[in-house]
Amino acid sequence: MILVTGATGTIGRRLVAELRERGVRVRAMTRDPAAARIEADEVVSGDLDRPDPALFAGVAALFLLSPPGPETAAREPAVLRAAAGVRRVVKLSAIAADDPATLTSAWHRPGEQALRDGFADWTILRPSTFASNTLAWAPAIRAGEAIPNPFGDGAQGVVDPADVAEVAAVVLTEDGHAGRTYTLTGPELITVPSQVAVIGKVLDRAIATVDLDPAALPEPVAAGVRFVRDGGNAVVTDDVAAVLGRPARSFEQWALTAW
Ligand SMILES: NC(=O)c1ccc[n+]([C@@H]2O[C@H](COP(=O)([O-])OP(=O)(O)OC[C@H]3O[C@@H](n4cnc5c(N)ncnc54)[C@H](OP(=O)(O)O)[C@@H]3O)[C@@H](O)[C@H]2O)c1
């Protein structure tokens with residue numbers, strides 16, 4: 001049995017489907033099973049802020065995903081203490097999680113450390129920015145408005161969330177990934193204006209971007225944005241291809257089906 005937290009979200013929903021395709025038994029956790037609309041062997045009620053040890057009974061592997069936010073720092077070590085008997089744990093982290101200049105490092109480092117300290121069979125997945133984040137632009141595109149771009153020319157190895165889920169399914173179900181930290185990116189670097197151009201091509205319409213000064217944003221968001229703007233996230237790795245045995249999907253491949 002594999003316990004998937006965050007099972008109703010972007011990565012978790014795809015991961016549950018991937019695991020079921022592999023014939024693995026899945027316990028999908030959500031705070032509201034009645035609203036979840038997930039197909040899994042078990043859909044269980046659970047809250048990461050109150051990790052009930054019963055959630056982990058009979059669980060061979062745990063996929064630990066916390067929603068974005070500073071609460072992750074205290075939440076994940078507590079969840080991992082409750083999960084002490086689980087043999088394998090895979091944690092979703094974020095790219096450059098060990099660089100204090102990133103927005104997410106403070107969220108993810110305590111969970112990463114607790115995982116390394118408490119488990120022999122651990123794997124950390126550090127994805128780059130998800131391609132699906134761009135779906136938040138849909139209302140502006142529909143309204144004919146320009147897309148605000150806080151990242152300037154800062155390029156990122158934007159990753160297809162389906163690739164992240166597929167990597168998670170592999171490392172949860174196959175041996176050979178214990179003690180590994182994978183940085184999951186797409187196959188190329190891409191800026192916000194280039195992402196917008198791809199979406200414009202797919203939708204066959206002109207979409208503008210407008211530069212957004214990070215100084216207009218509150219800290220620590222502004223610091224995280226400056227990190228990307230200054231090229232800190234301009235990273236492409238082969239980790240998706242190494243785990244999956246095929247190249248990572250490009251932003252354009254993702255956009256052709258998602259938009
Ligand atoms: N977006 C990016 O570009 C990006 C890049 C790298 C890393 N990440 C990391 O990816 C993670 C987010 O993944 P995602 O986008 O797949 O998530 P998401 O779509 O935002 O979904 C969040 C999930 O968390 C669950 N959840 C929220 N609060 C909870 C609680 N108190 N207890 C239990 N479950 C709770 C929700 O389930 P219910 O509401 O059903 O309970 C939902 O399934 C974050 O850790 C983020 O740092 C994101």
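Let's start in the middle of things: F63 stands opposite V90 in β5. That pairing belongs to a run of 4 bridges that join β4 to strand β5, residues 88-92, with the two strands running parallel. Keep in mind as you look around that this is a predicted model.

To get from β4 to β5, the chain goes through helix α3, residues 72-82, and this β-α-β crossover is right-handed. Helix α3 lies across β4 and β5, and runs at about 170° to β4. Which residues of α3 are buried? They are T72, R75, E76, P77, V79 and L80. What they pack against is β4, β5 and another helix, α4 (105-118).

Now turn back to β4 itself, residues 61-64. In a regular strand the side chains alternate between the two faces of the sheet. Here both faces are covered: A61 and F63 are buried on one side, while L62 and L64 are buried on the other. On the β1 side, 3 bridges join β4 to strand β1 (residues 2-4), again in parallel. If you'd like a pair to find on screen, take L3, whose bridge partner in β4 is L62.

Step back and the whole sheet comes into view. It is an open sheet of 7 strands with parallel pairing, and the order reads β3-β2-β1-β4-β5-β6-β8. Why do β3 and β8 each have one side without a neighbour in the sheet? β3 (42-45) and β8 (180-184) stand at the edges and each has a single partner strand, so one side is left open in that sense. As for twist, neighbouring strands of this sheet are turned by 20° against each other on average, if you ignore direction.

Take a look at the β3 edge. Strand β2, residues 26-30, is joined to β3 by 4 bridges, and these two run parallel. One spot to check is R27, which has E42 as its bridge partner in β3. As for the helix we met above, α4 packs on the sheet and touches β5, β6 (121-127) and β8; its direction makes about 155° with that of β6.

Next, some side chains worth zooming in on. R116 lies over the face of W122, at 5.6 Å from the ring centre. How many aromatic pairs does the structure hold? There is 1. It is formed by F251 and W254, and it is tilted, with 5.4 Å centre to centre and 35° between the planes. Both residues lie in helix α10 (residues 251-258), 3 residues apart, which is about one turn of the helix. Are they buried or exposed? With under 20% relative accessible area as the cut-off for buried, F251 qualifies because its relative accessible area is 1%. W254 is buried too, because its value is 4%.

Our last stop is P150, found in the loop between β7 (147-149) and α6 (161-173). P150 has a relative accessible area of 15%, so this residue also counts as buried. What is P150 in contact with, leaving aside its neighbours within four places in sequence? The list is L212, P214, L217, V225 and R229. And for a sense of where P150 sits relative to S66, 84 residues away along the chain, their C-alpha atoms are separated by 25 Å.

Conventions: Residues numbered from 1 in each chain as written. Predicted model: local features only at pLDDT ≥ 70, side-chain atom pairs only at ≥ 80, totals over all residues. Heavy atoms only, no water. Buried < 20%, exposed > 50% of the residue type's maximum accessible area, 1.4 Å probe, protein only. Pairing = 2+ DSSP bridges. Right-handed = clockwise from strand over helix to strand, strands pointing away. Contact = heavy atoms within 4.5 Å. Axes fitted to C-alpha atoms, helices over the stretch in contact; angles between N-to-C directions. Phe/Tyr/Trp six-rings, centres within 6.5 Å; stacked < 30°, edge-to-face > 60°. Lys NZ or Arg CZ within 6 Å of the ring centre and 35° of its normal.
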